Amino acid sequence: MWLDECPSFWDEGRVRPLVTESGKVVLMCDSCSAVWPTLADFKEMEHVEPDEPDWTVAAGVHVRPGTVRWASVQDLEVAGMGGLKWRP
């Protein structure tokens, strides 16, 4: 599922919810890999670009390959994002 098209003018990816190893749900572009740690960050267009070796998004939150997964509907509900207009 996805929320919106990537707001970056150089990309046409989709912004999808991702569950990190710490259990936090973040939003990530499936093309350019920009990450918005919170929904408020997405609304303000304040993204981070995680990079090797630690892939840090915020304090205690990372998106290291192999440690994340796409969020489920239940994950979104727990994160307080269930009421948003998600596209299949």
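These legends go with close-up views of a predicted model.

**View 1. Cysteines without a disulfide.** A disulfide is a covalent bond between the sulfur atoms of two cysteines. To be counted here, a pair of cysteine sulfur atoms must lie within 2.5 Å. For Cys6, the closest cysteine sulfur belongs to Cys29 and is 3.7 Å away, so the two are too far apart for a bond. Look next at Cys32: its closest cysteine sulfur is also in Cys29, at 3.6 Å, which again is too far for a bond. The count for this model is therefore 0 disulfides.

**View 2. Cys6 and Cys32 at the surface or beneath it.** Which label fits Cys6, buried or exposed? Cys6 counts as buried because its relative accessibility is 7%. Cys32, with 26% relative accessibility, counts as partly exposed.

**View 3. Ser33 and its positive phi.** Most residues other than glycine have a negative phi. Ser33 is not a glycine, yet its phi is positive, near 70 degrees. You can find Ser33 in the loop that runs between strand 3 (25-29) and strand 4 (35-36). At 36% relative accessibility, Ser33 counts as partly exposed.

**View 4. Met45 and Pro53 in a loop.** Where should you look for Met45? Met45 sits in the loop between helix 1 and strand 5. Its phi is positive, about 60 degrees, although Met45 is not a glycine. Pro53 is also found in the loop between helix 1 (39-43) and strand 5 (56-58). The peptide bond leading from Glu52 to Pro53 is cis, with omega near 0 degrees. For comparison, most peptide bonds are trans.

Notes
Residues are numbered from 1 along each chain as its sequence is written. This is a predicted model: local features need pLDDT of at least 70, side-chain atom pairs count only at pLDDT 80 or more; totals for chains, interfaces and linings use all residues. Side-chain values use heavy atoms; hydrogens and water are left out. Buried means under 20% relative accessible area, exposed over 50%, partly exposed in between (1.4 Å probe, protein chains only). Helices (H or I, at least four residues) and strands (E, at least two) are DSSP runs, numbered from the N terminus.
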